[in-house]
Protein chains: 2
Amino acid sequence: MCRQILFDNEIFFEGYRAIRQNPDCANLLTEKPALFSMLGEIRGKRILDLGCGYGENCLAFEEMGALAVTGVDISEKMLAVARQENPGKEIRYIHMPMENIRSFRPNEFDVVVSSLAIHYVEDFEALARDIFSLLSPKGIFLFSQEHPLTTAPEKGVRWLQNADGKEEGYVVTDYARPGRRSIHWMIDGVVKYHRTFSDLVNGLCAAGFCIEEMREPLPPKEAFGRIPSLEKEKHKPNFLLIKAQKP
Amino acid sequence: MCRQILFDNEIFFEGYRAIRQNPDCANLLTEKPALFSMLGEIRGKRILDLGCGYGENCLAFEEMGALAVTGVDISEKMLAVARQENPGKEIRYIHMPMENIRSFRPNEFDVVVSSLAIHYVEDFEALARDIFSLLSPKGIFLFSQEHPLTTAPEKGVRWLQNADGKEEGYVVTDYARPGRRSIHWMIDGVVKYHRTFSDLVNGLCAAGFCIEEMREPLPPKEAFGRIPSLEKEKHKPNFLLIKAQKP
């Protein structure tokens, strides 16, 4: 199932929305704070948000003083929510698959951000090259995605549990077999692409980027006491974030 | 058990030697070809080999036209083998822990190589800074180490096997808990240090390096048919190699 149909699917759309509205969901607890702490100063900068979804980040970028924010997403349904709930004077939302960003001008952006969308894109090397050409010199590309240990297994995520039901290990399979994964996540046939750490790093290097920082963040300390199920993330984190600079 | 005592230990020394003499051992089959293919032109260059062990790589670097090769190792016993079996006119072997390389001069080397030794060093950030200062501008730091999924588990490597004894998955634990690991490998109490991909990348970036390439190599295709036990490396590779440049 392609991304557009996926995020426009009614069951997936409502399920995804419910997840994202829970303040203890993994992306609000862990991914979003990491992404924003890696972002750096964006005041006066032109931002492109790839896979902007509901547009919460676009609005935050505007509030942080960005000169202009462009959010693109493949799902018209998500953009409808974005335009209604997170509009802004300096924000434009564009319906476009990430594969088409070559339609922007070279040097049109100072920062390209993408939150949890890159793992839906088949050709990361091509995307990295496209982003490189859209960025101004010294421009930043910052993205988060599912952790490569999460995307790896061809048969989906599997934990080993002890007698008390506590996760005592994560079963990695197929890590060195990059490519298409079709898994069940709320609905059948959600398609993602597994890439190793090396695939991602080399894709960025080949495009001309210099890597600045990598993070595999854990939830904040206070959350571990409150939500015991987070303990398993010490075996396998949920997210990977990489920040790279155009020289 | 500290590294020096480890590699000077008689049981470990002989066991390690036997492993490395098998042409189908993982480092000859997989790690060494990857390391040499990432090395680039070394003709006329000054090479430092950290954890040079028996000195096979030092001799290879000399034969490839290196101007000068310095091999350092913490084990006097291994260096004795190196001096006897792999001597060279342009090679000097020095008994020294990696932590002491600050005793070399700034810009003394054009290439720093380390094969399967970095995971024995406690402070990677400090080592990366030291290496950076020893390198000439545009100098290269290339290293291999055990894969982070191998170093992660506090209780050692564990595979899930199916009824036929075939490995169907690797059990990752403690990946997000970097630090000291004491495991059994031929003898008890072999001490290594686990670092995540992020720890390694950020250590290099903080030192000033720009990452050029990362690899998690698999054995050559022909070997899979010949040695069925290699199949499991598609779930979890054995090695990680990173090449970084001083700008």
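**Aromatic pairs, sheets and helix packing**

Over all chains, the structure holds 15 aromatic pairs. The model is a predicted one, and every value reported here is computed from it. One of the aromatic pairs is formed by B:F132 and B:F209, whose rings are arranged edge-to-face with 5.1 Å centre to centre and 85 degrees between the planes. B:F132 belongs to helix α6 (residues 124–134) of chain B, whereas B:F209 is located in the loop between α8 (197–207) and β10 (210–215) of that chain; the pair therefore ties together parts that are 77 residues apart in sequence. With a relative accessible area of 3%, B:F209 falls under the 20% limit and is therefore buried. The ring of B:F132 has a further partner in B:K246, whose charged end sits over it at 4.7 Å from its centre. A comparable arrangement in chain B involves the ring of B:W159, over which the charged end of B:K232 sits, 5.9 Å from the ring centre. In chain A, one aromatic cluster comprises A:F124, A:F132, A:F141, A:F143 and A:F209.

Chain A contains an open sheet of seven strands in the order β3-β2-β1-β4-β5-β11-β10, with mixed pairing. The edges are occupied by β3 (91–95) and β10 (210–215) of chain A; each has a single partner strand, so one side of each is left without a neighbour in the sheet. Neighbouring strands of this sheet are turned by 15 degrees against each other on average, direction ignored.

Several pairings within the chain A sheet can be described individually. Strand β1 (residues 46–50) of chain A pairs in the parallel sense with β2 (residues 68–73) of chain A over five bridges, and A:D49 stands opposite A:G71 of β2(A). β1(A) also pairs with β4(A), again in the parallel sense, over three bridges; here A:I47 has A:V111 in β4(A) as its bridge partner. β4(A) in turn runs parallel to β5(A), to which it is joined by six bridges, and A:V112 has its bridge partner, A:F141, in β5(A). The latter residue is also a member of the aromatic cluster of chain A. β4(A) is mostly covered, seven of its seven residues being buried.

Two helices of chain A lie across strands of the sheet. Helix α3 (residues 26–39) of chain A lies across β4 (109–115), β5 (135–146), β10 and β11 (239–245) of chain A and runs at about 15 degrees to β11(A). Helix α6 (residues 124–134) of chain A lies across β1, β4 and β5 of chain A, running at about 145 degrees to β5(A).

A helix–helix contact is found in chain A as well. Helices α2 (residues 10–21) and α5 (residues 76–85) of chain A pack at an angle of about 40 degrees, and their axes are 11 Å apart. The two helices, α2(A) and α5(A), are therefore oblique to each other. The contact is made by A:E10, A:F13, A:Y16 and A:R17 on the α2(A) side and by A:K77, A:M78, A:V81 and A:E85 on the α5(A) side.

In chain B, seven strands form an open sheet in the order β3-β2-β1-β4-β5-β11-β10, with mixed pairing. β3 (91–95) and β10 of chain B stand at its edges; each has a single partner strand, so one side of each is left without a neighbour in the sheet. The twist from one strand to the next averages 15 degrees. Strand β2 (residues 68–73) of chain B and β3(B) pair in the parallel sense over five bridges, with B:G71 standing opposite B:Y93 of β3(B).

How values were computed. Residues are numbered from 1 along each chain as its sequence is written. Chains are lettered from A and ligands numbered from 1 in the order in which they are written. This is a predicted model: local features need pLDDT of at least 70, side-chain atom pairs count only at pLDDT 80 or more; totals for chains, interfaces and linings use all residues. Side-chain values use heavy atoms; hydrogens and water are left out. Two strands pair if DSSP finds at least two bridges between them. Helices (H or I, at least four residues) and strands (E, at least two) are DSSP runs, numbered from the N terminus. Axes are lines fitted to C-alpha atoms, for helices over the stretch in contact, and angles run from 0 to 180 degrees between N-to-C directions. Contact means heavy atoms within 4.5 Å. Rings of Phe, Tyr and Trp (its six-membered ring) pair if their centres lie within 6.5 Å; planes under 30 degrees apart count as stacked, over 60 as edge-to-face and the rest as tilted. Buried means under 20% relative accessible area, exposed over 50%, partly exposed in between (1.4 Å probe, protein chains only). A charge sits over a ring if NZ of Lys or CZ of Arg is within 6 Å of the ring centre and within 35 degrees of the ring normal. Angles under 35 degrees count as roughly parallel, over 145 as roughly antiparallel, 65 to 115 as roughly perpendicular and the rest as oblique.
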